[in-house]
Structures are given as C-alpha cells and as structure tokens.
Amino acid sequence: MAVIETAEKMLPAGLRPIGGRTLRLLAAVLTERGERAAAQRMALTAFSIRILSAALAFVSQIVLARLMGEYEYGIFVFVWVLVVVFGDLSCLGFHTAIVRFLPQYKAAGAFEEIRGLTGTARIFALLSGTAVLAAGMLGLHFFGDMIQVYYLVPIFIGLLAMPMIALGDILEGTSRANHWPVMALSPVYIVRPILIILFMLIAIAIGAEHTAVTAMQAALVATFVTALGQYAATLYRLRRHYDDGPRKVDFLAWFSVAFPIFLIEGVSFLLTNSDVVVVGIFLEPHDVAIYFAAAKTMALVHFINFSVKAASGPRFSSIIADGDHAQLAAAAIDAARWTFWPALGVGLVVLAAGHLLLSLFGGAFTSGYLVMAILLAGILAKSLVGPAETLLMMAGKQNLCVALYAGALTANVGLNLALIPHYGIEGTAIATASAMAVEAILLHVAVRRTLGIVLFAFASPAAATPEMRVR
C-alpha cells in the first residue's frame with residue numbers, strides 16, 4: 001500500500017483517480033489468491049513476455065531483412081514458417097493434452113500419472129518429430145524437382161530442426177500446465193530469436209554469405225541450443241515439485257484426447273499461418289517478405305490472444321473439474337474482455353505507427369501498410385470471443401472444434417485462391433481477415449449451443465448462462 005500511495009503522489013493531478021484505480025487493480029492481481037488471480041497473473045506474465053518477445057522478434061526480423069535483402073529474406077521467412085508449422089503439428093496435440101490432464105492429476109494428488117504423462121509426452125515428441133523429418137527428406141528426394149530451386153537447401157536444413165521444435169512445444173505445455181509462464185514462454189519467444197541473430201552475425205563475421213541458407217543454419221543451431229537448455233531446466237523443476245518415483249502410463253487415454261486436439265490446433269495453426277504459405281507458393285520471395293513484415297508488425301496484437309489463452313487453459317480445466325458452470329461462464333467472459341480491449345488499444349497504436357515501423361525493414365516494405373490495416377480488422381473480430389477454442393477443448397468438445405476450424409480454413413484457402421491473382425498480398429490479407437471473422441462467428445455459436453455461454457467481450461457474466469441458470 002505504501003508503494004501504491006507513493007506512486008499515486010508521483011502522478012499528475014488529472015491522472016491520479018484513474019491511475020490510482022489501475023495501480024490498486026494491479027496490486028490485487030499480484031497479491032490475491034485463488035484461481036482467477038492466478039490466471040490473471042499468468043496472463044499478465046505471459047503478455048509481458050510476449051511484449052518483450054514481440055520487440056525482440058521485430059528487431060530480429062529487421063536485422064535479418066537488412067542483412068539479407070528482400071529476396072533472400074523472403075526465402076528465409078517462407079521456409080522458417082513451414083518448419084515451425086510442421087514442427088508444432090508433429091506433437092499431435094500432446095502439448096495441449098498436458099494442459100488438459102496435468103491440473104486435474106495435480107488436484108487429485110495423482111503424481112504417478114503426472115510423471116507418466118510428462119515423460120511419455122517428451123519421448124513421443126522426439127519420435128514424432130523424427131518421423132516428420134524422415135517424411136520431409138523422402139519428399140525432397142522424390143518431389144524436389146517440383147520445388148523452386150532456391151527453396152531446396154533451406155528446407156533441407158529446416159527439416160533437421162523438427163525433433164527439437166516438437167520437444168520445445170511439449171516442454172512449453174508442461175510449464176503452462178504448472179503455471180510457470182516464464183519457463184513456458186521465454187525459451188521459444190525470447191531465447192531462440194536472440195540466438196538466431198547472434199549465430200547469424202557470428203556466421204557473417206567469419207565469412208558466411210548474407211543468404212537464406214546462412215540464416216537457416218543459424219536458426220537450426222539456435223533451435224537445438226534452446227530446446228536442450230529448456231529440457232534440462234524443465235526436468236529439474238519437475239523433479240523438485242513431484243520427486244522421482246513410479247510412473248503410471250495411460251497412453252491410449254491421453255492419445256484419444258490429444259489427437260482430436262491435434263486436429264483442432266493443426267487446422268487452427270494452418271489457419272493462422274496459411275497466408276504466408278499461400279503467398280510463398282503463388283508469389284515471389286519479394287512479396288513474401290513484404291507480407292511477412294506487415295504481418296509481423298501486427299503480431300503484438302496476436303500475442304494478446306496467445307497470452308490470455310496460455311492463462312485460461314489451466315483455469316478452464318480446473319473449473320470444469322469442479323463442475324461450477326456459473327464460474328466457468330464468468331471466467332470465459334473475463335477471458336474475452338482480457339483479449340478484446342488490449343487488442344483494440346495495442347492494434348490502434350501499432351497501426352498509427354505502421355509506416356514508420358515498416359520503413360525500418362527497408363523502403364520497399366512500406367507498401368504493406370494496407371495489409372496491416374486489413375489484418376487488424378480480422379484480429380479484432382477474432383478477439384471478441386477470446387480463447388473460445390480453448391474453452392471448448394477443455395470442455396471435451398474437440399471434435400466440434402475440428403469441424404469449425406476446417407470450415408474456417410476452407411474459407412481462408414478458397415478466398416486466397418480467388419483473391420491473390422487479382423489483388424496480390426492485399427487479397428491474402430482480405431482472405432485472412434475474413435476467415436478470422438468466420439472463425440469467431442462459428443466459435444460463438446458453438447459455445448452458446450454446447451455450453452450455454454454467451455461468449456462475447458461485451459456480454460455480462462450474469463446474462464451469459466441463461467440455460468445454466470435454469471438447470
């Protein structure tokens with residue numbers, strides 16, 4: 001309280017009322033106990049990390065664009081997006097299944113199941129990532145003549161990172177399930193981008209060429225160093241909390257939940273990244289570079305949804321385990337509000353500075369400003385329902401989510417194919433924003449019909465569960 005009162009006195013007189021309320025609200029979030037406060041703290045920590053990571057990613061992409069030029073930079077970002085997409089998909093949903101099961105096991109004191117779940121997931125990720133690596137190598141061997149020659153070597157290098165990307169996702173899910181946001185998010189979103197730039201600069205300093213191949217080599221080394229360090233840190237912390245002991249493995253039960261989650265998140269992840277992939281397939285690396293720079297500049301707004309999602313998953317799972325439907329509705333509305341209002345504020349600020357931010361990549365990149373504005377409209381539409389897909393997954397509605405995301409992805413791809421030939425990267429932006437709006441509508445309807453929750457950022461929790469209050 002002394003700190004808050006001192007801070008209030010330092011504020012200008014006109015800002016003291018709202019500033020004081022904000023400081024007291026922040027103090028309550030940081031000090032209160034309970035599931036809601038823990039989720040808010042995790043969201044705040046995750047958002048802070050993502051802000052820092054967004055700044056680092058933005059700076060690193062500027063450095064890479066300046067080092068390589070538009071053409072080589074376009075090759076690198078297209079291949080790296082493919083690598084990250086398929087590396088994440090190779091987990092087959094186990095990284096989110098951990099978030100689903102571990103809080104419930106922890107609440108029941110089932111430490112044998114926790115040890116079995118986390119150990120099995122790590123082994124599975126390494127095996128599945130290696131399988132994707134092998135499949136990719138076979139694809140290059142038999143169908144390499146169908147791929148543009150300037151993509152072949154970068155793709156070959158990127159495939160080698162698959163097992164480590166899969167392992168990193170499992171470790172992130174393990175930390176999220178234990179409410180360890182710093183350990184969950186720092187390796188991939190802070191450490192790895194720093195290492196990519198560091199290794200790229202070292203490679204150039206010792207005489208390597210300023211090309212996408214050099215950048216992919218730097219990314220490969222950075223991925224291995226990050227994943228192995230994250231593995232050691234996570235394993236140490238798990239042993240401190242759960243000790244060594246017998247493990248109980250129920251692989252079929254976990255996989256029966258993980259695989260539908262894989263279908264949901266796979267389609268969702270493809271939906272999120274399909275724009276860059278489609279631009280890379282149909283347009284030149286120059287266009288990929290400009291589109292990616294514009295999308296990356298708007299990435300801070302996306303991070304808000306990610307941060308709230310990271311905090312909401314364990315909270316939803318715990319509330320569902322308790323069977324408190326009214327509290328679940330309140331938590332869902334809270335999550336939607338935590339998503340929309342920060343997204344609106346941050347999005348408008350980023351858009352206002354758009355020309356300046358794009359010019360940092362190079363003079364030609366300012367042509368992507370319209371892409372930024374279009375993408376913001378889609379992001380805001382999606383943020384109106386918050387992490388609705390997480391709510392459905394934690395409630396066991398995985399199959400429904402698969403159908404919803406398949407519909408949104410189909411709309412996205414179809415619109416891209418129709419609009420790219422006529423409107424180029426602006427057509428891709430329109431297709432992506434429209435798909436986000438379709439996704440939001442489908443999720444809102446699904447949550448209302450299956451859970452009886454009117455999930456909307458402007459809804460009140462008291463009116464959000466008419467069917468549940470009748471029950």
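A charge sits over a ring if NZ of Lys or CZ of Arg is within 6 Å of the ring centre and within 35 degrees of the ring normal. R100 meets this description, lying over the face of F101 at 5.9 Å from the ring centre. The model is predicted. This briefing covers its aromatic pairs, one of its cavities and several individual residues. The structure holds 21 aromatic pairs, and a search of the whole structure finds 2 cavities of 30 Å³ or more.

**Aromatic contacts**

- Among the 21 aromatic pairs is the one formed by F259 and F262, whose ring centres are 5.5 Å apart and whose planes are at 40 degrees.
- That pair is classed as tilted, because tilted covers plane angles that are neither under 30 degrees nor over 60.
- F259 and F262 both belong to helix α10 (residues 251–282), where they are 3 residues apart and so separated by about one helical turn.
- The two rings of this pair fall into separate accessibility classes: F259 is partly exposed at 35% relative accessibility, whereas F262 is buried at 18%.
- The cut-off for buried is under 20% relative accessible area, so the value of 18% places F262 in the buried class.
- The rings of F456 and F458 form an edge-to-face pair, because their planes stand at 70 degrees with the centres 5.3 Å apart.
- F456 is partly exposed, with 31% relative accessibility, and F458 is also partly exposed, with 47%.
- Ring pairs join F259 and F262 to F94, F124, F251 and F255 in a cluster.

**The second largest cavity**

- The second largest cavity holds about 50 Å³ of space.
- Its lining is made up of T96, V99, R176, E265, K309, G313, T390, M393 and M394.
- Sorted by class, this lining has 3 nonpolar, 3 polar and 3 charged residues.
- Three helices each supply at least two residues of the lining: α4 (94–108), α12 (299–322) and α16 (388–394).
- Helix α16 gives the most to this lining, with 3 residues.
- The cavity lies between domain 2 (41–249) and domain 3 (284–470), because both domains give residues to its lining.

**Helix α16 and E389**

- E389 is placed in helix α16, the helix that gives the most to the lining of the second largest cavity.
- E389 counts as buried, because its relative accessibility is 4% and the cut-off for buried is under 20%.
- Between E389 and L404 the C-alpha distance is 9.5 Å, with their positions 15 residues apart in sequence.

**Helices α14 and α15**

- L356 is found in helix α14 (residues 354–359).
- L356 is exposed, because its relative accessible area is 58% and exposed means over 50%.
- The C-alpha atoms of L356 and T366 are separated by 8.1 Å, and these residues are 10 apart along the chain.
- A377 has its place in helix α15 (residues 369–383).
- A377 is partly exposed, at 48% relative accessibility.
- From A377 to G347 the C-alpha distance is 9.3 Å, and the two residues are 30 apart in sequence.

**Backbone at L92**

- L92 is not a glycine, although it has a positive phi of about 55 degrees.
- L92 is found in the loop between α3 (35–89) and α4.
- Helix α4, which follows that loop, is one of the helices that supply at least two residues of the lining of the second largest cavity.

Note on methods:
Residues are numbered from 1 along each chain as its sequence is written. This is a predicted model: local features need pLDDT of at least 70, side-chain atom pairs count only at pLDDT 80 or more; totals for chains, interfaces and linings use all residues. Side-chain values use heavy atoms; hydrogens and water are left out. Rings of Phe, Tyr and Trp (its six-membered ring) pair if their centres lie within 6.5 Å; planes under 30 degrees apart count as stacked, over 60 as edge-to-face and the rest as tilted. Helices (H or I, at least four residues) and strands (E, at least two) are DSSP runs, numbered from the N terminus. Buried means under 20% relative accessible area, exposed over 50%, partly exposed in between (1.4 Å probe, protein chains only). On a 1 Å grid over the protein atoms alone, a cavity is a set of points where a 1.4 Å probe fits but cannot get out, and a pocket is an open set with protein on both sides within 12 Å along at least five of seven lines; lining residues have an atom within 4 Å of a point. Grid points are joined across faces, edges and corners, and a volume is the space filled by probe spheres set on the points. Ala, Val, Leu, Ile, Met, Phe, Trp, Tyr, Cys and Pro count as nonpolar, Asp, Glu, Lys and Arg as charged, and the others, Gly among them, as polar. Domain bounds come from an automatic or database domain assignment.
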